[in-house]
Amino acid sequence: MAETAVAQVMAELAALEDPKTRAVNEKHGDDHGVNLGKLRAVAKRLKTQQELACRLWETGDTAARLLALLICRPKAFERERLDVMLREARTPKVHDWLVNYVVKKNPHAEELRLAWFTDPDPVVASAGWALTTERVAKKPEGLDLAGLLDVIEAEMKDAPDRLQWAMNHCLAQIGIDHAGHRARAIEIGERLEVLKDYPTPPNCTSPFAPVWITEIVRRQAVKDAGGRRP
């Protein structure tokens, strides 16, 4: 029955493959052509199925792995399994969904954060930084924020792309959520100029940390003032 279910799902995903969608995704390093809205609709119909999710992951197919991450039970995975899965995640979208939809909800998230943070593989390390950013925003107690800024100041400028992006997000989050470190976070961002020239669509916030921090803090001030501009 399990093999039949996998074959049926794979056939359905193949039928949803669209060359134009694939062309767009491949520009971002994602080798699949399934519209994510349609993928989520399939997941909604299948509901949670841990065994099927594991079988789909094992196919190695990117669309199948994305679907697996939507129908799995995040808390069911052991720490070692999640470590293997992260290292198997070949594409940016699979990596991001694994971290955000599964690892963050898993009871081993903090252990994995610490293990991945200093991993020699920069893509694995970027997951450690993503989990650290989550803690900066939601559970900063026990984090050495000044120490994080020291590392970012020393290493972000020359970090590989995915790791650099994750470190930059952490820098911005520290500046946004922790007023006592805001001036230093902005200063580091201004001096390093990481993502300063990143193309940003209209009505979107630039990922350049000084702009990002300033804009989100401004919005929060407006919200706190009941919608009135400060």
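In this predicted model, contact means that heavy atoms lie within 4.5 Å.

Q: Which residues does Leu98 touch, not counting residues up to four places away in sequence?
A: Leu98 is one of the residues that touch the most other members of the largest nonpolar core, alongside Leu56 and Leu67. Not counting residues up to four places away in sequence, Leu98 touches Trp57, Leu69, Leu82, Met85, Leu86 and Val103.

Q: Which helix gives the most residues to the largest nonpolar core?
A: This core holds 37 residues, and the elements that give two or more residues to it include helix 1 (2–16), helix 3 (36–46), helix 4 (50–58) and helix 7 (92–102). With seven residues, the element that gives the most is helix 5.

Q: How many residues make up the other core, which includes Cys170?
A: Apart from the largest core lies another, and among its residues are Trp129, Leu145, Leu163 and Cys170. Cys170 is buried, because its relative accessible area of 0% falls under the 20% limit. The number of residues in this other core is 28.

Q: Is Arg113 buried or exposed?
A: Arg113 lies in helix 8 (residues 109–117) and, leaving aside neighbours within four places in sequence, is in contact with Gly128, Leu131, Thr132, Arg135 and Leu143. Because a residue counts as buried under 20% relative accessible area, and Arg113 has a value of 8%, Arg113 is buried.

Q: Over what arc around the axis do the buried residues of helix 8 spread?
A: The buried residues of helix 8 are Ala109, Leu112, Arg113 and Trp116. They lie on the same side of helix 8, because the arc they cover around the axis is only 105 degrees.

Key
Residues numbered from 1 in each chain as written. Predicted model: local features only at pLDDT ≥ 70, side-chain atom pairs only at ≥ 80, totals over all residues. Heavy atoms only, no water. Buried < 20%, exposed > 50% of the residue type's maximum accessible area, 1.4 Å probe, protein only. Helix = DSSP H or I, 4+ residues; strand = E, 2+ residues; numbered from the N terminus. Arc of directions from axis to C-beta. Core = buried A, V, L, I, M, F, W, Y, C linked by side-chain atoms within 4.5 Å.
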